[in-house]
Amino acid sequence: MDPGRLLHTGSQAPQSLAAHLDNPAPDDSPRAVSRTSEKDPVKTFSEACLMVRKPALELLHYLKNTNFAHPAVRYVLYGEKGTGKTLSLCHVIHFCAKQDWLILHVPDAHLWVKSCRGLLPSTYNKQRLDQPAEASIWLKNFKTTNERFLSQIKVQEKYVWNKRESTEKGSPLGEVVEQGITRVKNATDAVGVVLRELKGQSSLGGFRLLVAVDGVNALWGKTTLKREDKSLVAPEELALVHNLRKMVKNDWHGGTIVLTLSQTGSLFKPRKAYLPQELLGKEGFDALDPFIPILVSNYSPKEFESCIQYYLENSWLQHEKAHTEEGKKELLFLSNANPGQLERLCAHL
Amino acid sequence: MRAGCARSRVPEEPARGAALGQGRKGGLKNHMEVVPRLRQRQNSTAAVGERDQEASFGKRPILLWLLRTRGYYELATPGGGAGHAPRGGSHTQSATSRPAPRGTPPPPSLHPRDPPSPTGACAAVRPRPFTLQPWSPAAKMAAPSVFWGAAVSYRLFLGGRVSLALRQGVWKAAAAELQILRLRHTTGVTAKKNVAALRRETYTVDFIKKQIEEFNIGKRHLANMMGEDPETFTQDDIDRAIAYLFPSGLFEKQARPIMKHPEQIFPKQRAIQWGEDGRPFHFLFYTGKQSYYSLMHEAYGKLLDVEKRQNQLQAKGLFSEKTKTKDLIGSRWLIKEELEEMLVEKLSDQDYAQFIRLLERLLTVECSAEEEEFVQRFRRSVTVQSRKQLIEPLQYDGQGMAFSTSEGKRKSAKAEAIVYEHGSGRIKVNGIDYLLYFPVTQDREQLMFPFHFLDRLGKHDVTCTVSGGGRSSQAGAIRLAMAKALCSFVTEEEVEWMRQAGLLTADPRVRERKKPGQEGARRKFTWKKR
């Protein structure tokens, strides 16, 4: 794994990641092969490990067999709360990163639709709203994720930011990113530019593009943002959301789109909703249709076992009964093999 | 405490304080011991008749005794002798049940011409065992009048005069003649010293005997009323009958109506310990705790006997070291209160401990059967296993899988659980997985408890429905339902363990009502100094 790459997990992803990393070969048993250390800010284990599980393996299998001439295929990871959708996404991203794809990763789309402070009217389009803070954060992440490509990809149009600054045609993408980072006011537009360029250029075949969005149901739900006159903002009035929607549309080829639904950060959705229909709503469902749904479920007995083993090996479980059979059964019952619950339970032990 | 209606057992402190209000004040000391007699007398209307009777039978104690114990029953009600003669048994009832509490109408079974009790207040001096008044003439007829054989003749004789007497101020007449009666009363029976009566309410032997007879008659009447055989009417039947006839919603079980043998209601009292010459009967009287010390003396004597016997055996060489283990399980020593009750004497804690130690020492050495029996008198059996847990029968569904259903409640949540015998530990609540239904770990721990206790964590599948209550009470209700359902898959011993663990007991705690004048059940309003 290239130490230069950083994997940014979404805010909801648990800090300690379980078990074993895959060497891109076995797609049958989710057993350990090797572990690697990454520079991720995971303080607990001083390493970040993912458990290889079936949904991720399935996805990887599809990815390996994609035909890049066809329009981008959309995969939607869905499942109940805490089953590991985000981490499966991370796994896929990691794989693609290893394969040297260009990764467009939105850690959590929900962050863009709630609790934003500086909403500015868009410089590009008067009806839309800008979110300078979120955009600049994302640009920074993008920069660190895809350093290599920033110099490779060339911009195909000229973009004028304001009276004094503009980006010439043919200049590397890195410049746009820099511009967005330095001039925060234009950050959203920079993001839009990046997205547009990438979409256009991935079809050319110079690189493969992976669009990974976590919590994609945020793009079609409601927001909690209000304008100064206290009127609610619809998602499409946010420039970021608008651009991302365009990205997620499968009218380009040369890459894939992997999406995750998430109820945890969603607004105005019941707790028990996890199906795509429920979380995306009619609009979102129609926009994303057709897609390939991949269900992520709770741990199977083997997976559960391996998770416990991992905790034990790292001395995460200090309780004396944790390594006994009864203890494991208790944990299994209490968490019902839900990875999120199990993690929370083990945090106490 | 008022007599007349069903009464509960006497509380320790005379709550007859209400009626004893007069007794407590010094001025009516005489009245106190007058009253017991009075209550027996004033309704018995034996006032005048009694005097005459006693005058005539004064020198014949046996007849006097008969009259007193039996005759009063007949003389209880006025209003025509012969016509009411057959109401022999019922007279007692009306006599004793008449002193009704003030403010309540007299029980309907009273004869309308019976004068109301003028001593309603002081009549309730002592608790009276409840005696029922049979209303139907048939019942009255059925009342055995064998007891009254001897006294029947008196009734007719006294009937006419009695009515007259009653109409005129029973109270004064009774009070007046009681002075005379008291003198006569002391001749036949060991009389209580008046000083004793001042200290505490005392019951004469006569009174107790009378109560016992009334109780027996009442029992027979009750049996008749319930349509059962009076001969085989046990105390359990009585309790059930009373619970049926007087349903009470009171929480305190001891405040509900009871009808028990007077031995159990009236505390045991001691007769006078010394004779007419003032000399005490018991040789240990001057120790102050004569029964206790005599008991200790006896026990120690037995111990010495046993040791002497053992020494003799040892001398002869026949001493065997075997110590038979006595079966002490299932019985316990008397508690101090029980011992006090047995000896009718106050003990201190050290006394009690000393006595128990002595008995235990007696047990350690080998003793013969009579000593065993002596010790066993001071042991009470303890139920080893409390009531049997009702075990649900197994049912079989279409695929041949065994399952069992039961219900559970907690606080206002009701749950019904179906536990399947073979499964993988999945639980569905109202069709939703339990992980989603109970996001809080605490609730899931509650669900885990029965299975974890029995070590059957992943072995059963459960489907349950629950409604009402909150999150925690729903979890508790499901837990109870599951535990009860699991009983059918599990051995008896394990059922007992579950019961002891508290898995099979419904939690009786309910929300306490809010009281007026307070903000909540316990919280008072903010106290302001001004």
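Okay, a definition to start: when I say helix, I mean a DSSP run of H or I that is at least four residues long, and a strand is a run of E of at least two. Counted that way, chain A has 11 helices and 9 strands. Chain B comes out at 21 helices and 8 strands. And before I go on, please keep in mind that this is a predicted model.

Let me do the chain totals quickly. Chain A has 349 residues, and 54% of them are buried. For chain B the buried share is 45%, out of 530 residues. Then there's the question of how far apart in sequence the contacting residues are. If you take contacts in chain A between residues at least 6 apart, 73% of them link residues at least 24 apart. Do that for chain B and you get 69%.

Now, helix packing. Two packed helices are described by the angle between their axes and the distance between the axes. I've got two pairs to show you, and α19 of chain B is in both.

Pair one goes across the chains. Helix α10 of chain A, residues 325-335, and helix α19 of chain B, residues 441-454, have axes that come within 9 Å and cross at roughly 135°. So α10(A) is oblique to α19(B). The handedness of that crossing is right-handed. Who's touching whom? On the α10(A) side we have A:Glu330, A:Phe333, A:Leu334 and A:Ser335, and the α19(B) residues they meet include B:Arg444, B:Leu447, B:Met448 and B:Phe451. Sorted by class, that contact has 5 nonpolar, 3 polar and 3 charged residues.

Pair two stays inside chain B. Here α19(B) packs with helix α20, residues 471-486, at an angle of about 15°, and the axes are 8 Å apart. That angle is under the 35 degree cut-off, and therefore the two helices count as roughly parallel. The crossing of α19(B) and α20(B) is right-handed. From α19(B), the contact residues include B:Gln446, B:Leu447, B:Phe451 and B:Leu454, and from α20(B) they include B:Ala475, B:Ile478, B:Met482 and B:Leu486. The class count for this contact is 10 nonpolar, 3 polar and 3 charged residues. You may have noticed that B:Leu447 and B:Phe451 came up in both pairs: they're in the α10(A) contact and in the α20(B) contact.

Staying in that part of chain B, have a look at B:Val466. It's in strand β8, residues 461-467. Is B:Val466 buried or exposed? Buried, because its relative accessibility is 7% and the cut-off is under 20%. Leaving out residues up to four places away in sequence, B:Val466 touches B:Lys414, B:Ala415, B:Val429, B:Asn430, B:Tyr437, B:Gln474 and B:Ile478. We've just met B:Ile478, on the α20(B) side of the helix pair. There's also a C-alpha separation of 6.9 Å between B:Val466 and B:Ala413, which are 53 residues apart along the chain.

One of those partners, B:Asn430, leads into backbone geometry. Most residues other than glycine have a negative phi, and most peptide bonds are trans. B:Asn430 isn't a glycine, yet it has a positive phi of about 50°. You'll find B:Asn430 in the loop between β6 (427-429) and β7 (432-433) of chain B, and with 34% relative accessibility it counts as partly exposed. Chain A has a case too: A:Lys230, again not a glycine, with a positive phi of about 60°. A:Lys230 sits in the loop between β7 (209-214) and α7 (239-248) of chain A. This one is exposed, at 65% relative accessibility.

Another lysine, this time in chain B: B:Lys336, in helix α15, residues 336-343. B:Lys336 is buried, at 17% relative accessible area. Setting aside neighbours within four places, B:Lys336 contacts B:Leu347, B:Ser348, B:Asp349 and B:Tyr352.

Last stop, helix α12 of chain B, residues 235-245. B:Asp237, B:Ile238, B:Ala241 and B:Ile242 are buried there. Those four span an arc of only 130° around the axis, so they're on the same side of α12(B). Covering them, among other things, is α11 (205-226) of chain B. And which exposed residues are on the face turned away from that buried side? B:Asp236, B:Arg240 and B:Tyr244.

Notes:
Residues are numbered from 1 along each chain as its sequence is written. Chains are lettered from A and ligands numbered from 1 in the order in which they are written. This is a predicted model: local features need pLDDT of at least 70, side-chain atom pairs count only at pLDDT 80 or more; totals for chains, interfaces and linings use all residues. Side-chain values use heavy atoms; hydrogens and water are left out. Buried means under 20% relative accessible area, exposed over 50%, partly exposed in between (1.4 Å probe, protein chains only). The arc is that of the directions from the helix axis to the C-beta atoms. Contact means heavy atoms within 4.5 Å. Axes are lines fitted to C-alpha atoms, for helices over the stretch in contact, and angles run from 0 to 180 degrees between N-to-C directions. Angles under 35 degrees count as roughly parallel, over 145 as roughly antiparallel, 65 to 115 as roughly perpendicular and the rest as oblique. A crossing is left-handed if the near helix is turned anticlockwise from the far one by less than a right angle, and right-handed if clockwise. Ala, Val, Leu, Ile, Met, Phe, Trp, Tyr, Cys and Pro count as nonpolar, Asp, Glu, Lys and Arg as charged, and the others, Gly among them, as polar.
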